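Thank you for making time this morning. I would like to take you slowly through one chain, and I suggest that you keep the picture in view while I talk.

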Amino acid sequence: MHPVMTRLAEDHVRLARLLDLFEDLLNRFHEGAEPDYELMSEMLEYMDNYSDIVHHPTEDIIFERVLDKGTERRDVFDVLMRQHKVLGQLSKRFRQSLDGILHEEVLLREDVEAHGRELIGTLRAHKRLEDEEAFPIALERLSEEDWAQIDAQAPNLEDPLFGTLDPLRYQALYARLSAESRN
């Protein structure tokens with residue numbers, strides 16, 4: 001597999017892990033417990049920043065290349081590129097809900113939870129569509145020359161959580177993931 005696709009596949013495995021953790025935190029929230037809001041906020045920040053700066057732009061380059069070459073599954077790629085924009089909006093809405101809780105605004109727990117669950121569900125469905133349909137089509141349709149050009153165009157920033165850790169960012173998230181991997 002081409003290195004760009006390998007990186008995207010690794011990102012998806014990591015995202016699945018983060019979504020499981022997010023779901024666990026939302027389940028606690030549903031049961032009336034107060035989850036670690038700092039952790040949830042760091043997770044959203046990481047997912048927003050890394051996804052918006054590196055992951056989704058890389059996918060969009062691939063998807064546009066596939067569309068330029070022609071595919072009978074144009075609908076899949078159009079949906080995914082639209083979802084990249086929607087995911088940012090869903091994440092922003094959930095982040096605003098969490099910020100509201102932290103600033104002691106009067107919010108219904110059900111609404112906050114619904115925003116989080118909608119984000120998680122949409123991300124899981126999005127990732128599944130990419131993994132099961134878009135990525136296999138891209139691997140089939142694109143040539144080595146295409147992949148070289150995609151690699152040259154794609155953002156090349158290291159993952160700030162799973163790559164070289166930035167000690168000032170994502171401290172709570174890194175600590176939680178490290179503790180889970182030791183168990």
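Let me begin with a question: which residues does Asp11 touch, not counting residues up to four places away in sequence? Leaving those neighbours aside, Asp11 touches Tyr50, His55 and Asp159. Asp11 lies in helix α1, and because its relative accessibility is 8%, where buried means under 20%, we count Asp11 as buried. His103, by contrast, is 92 residues from Asp11 in sequence, and the two are 32 Å apart in space, taken from C-alpha to C-alpha.

Helix α1 also holds Val13, so you may ask whether we should call that residue buried or exposed. Val13 counts as exposed, because its relative accessibility is 60% and the word exposed is used for values over 50%. Its C-alpha is 21 Å from that of Val79, and 66 residues separate the two in sequence.

Before going further, I should say that this is a predicted model, so please keep its confidence in mind. The mean pLDDT of the chain is 88, and 96% of its residues reach 70 or more. Confidence is highest in helix α5, residues 144-153, at a mean of 95, and lowest in α6, at a mean of 71.

Now let us turn to the nonpolar residues. In soluble globular proteins, nonpolar side chains tend to be buried together. Here the largest nonpolar core has 30 residues, and those that touch the most other members are Phe22, Met40, Met43, Tyr46, Met47, Phe94 and Leu173. Two or more residues of this core come from each of α1 (3-30), α2 (37-69), α3 (74-102), α4 (109-141) and α6 (171-182), and the largest share, nine residues, comes from α2. If you would like one residue to follow on the screen, take Phe22, which touches Met40, Met43, Leu44, Met47, Phe94 and Ile120, again without counting residues up to four places away in sequence. There is also a second, separate core of 20 residues, and this one includes Val66, Phe77, Leu80 and Met81.

Val66 brings us to Leu142, which is found in the loop between α4 and α5. Leu142 has a relative accessibility of 7%, and therefore it counts as buried. From C-alpha to C-alpha, Leu142 and Val66 are 6.9 Å apart in space, although they are 76 residues apart in sequence. Val66 is also one of the residues that Leu142 touches, and the others, beyond four places in sequence, are Ile62, Arg65, Lys69, Trp147 and Ile150.

Helix α6 deserves a short stop, and there we find Ala175. Ala175 has a relative accessible area of 43%, so it is called partly exposed. Ala175 and Leu39 are 136 residues apart in sequence, yet their C-alpha atoms are 9.5 Å apart.

Finally, how many cavities of 30 Å³ or more does a search of the whole structure find? The search finds one, and the space in this largest cavity is about 260 Å³. It is lined by 22 residues, of which Leu15, Met47, Ser51, His56 and Leu123 are the closest to its centre. The elements α1, α2, α3 and α4 each give two or more residues to this lining, with the largest share, eight residues, coming from α2. By type, the lining of the largest cavity divides into eight nonpolar, eight polar and six charged residues.

Methods
Residues numbered from 1 in each chain as written. Predicted model: local features only at pLDDT ≥ 70, side-chain atom pairs only at ≥ 80, totals over all residues. Heavy atoms only, no water. Core = buried A, V, L, I, M, F, W, Y, C linked by side-chain atoms within 4.5 Å. Buried < 20%, exposed > 50% of the residue type's maximum accessible area, 1.4 Å probe, protein only. Helix = DSSP H or I, 4+ residues; strand = E, 2+ residues; numbered from the N terminus. Contact = heavy atoms within 4.5 Å. pLDDT = per-residue confidence, 0-100. 1 Å grid on protein atoms, 1.4 Å probe; cavity = no way out; pocket = protein on both sides within 12 Å on 5 of 7 lines; lining within 4 Å. Points joined across faces, edges and corners; volume = space filled by probe spheres on them. Nonpolar A, V, L, I, M, F, W, Y, C, P; charged D, E, K, R; others polar.
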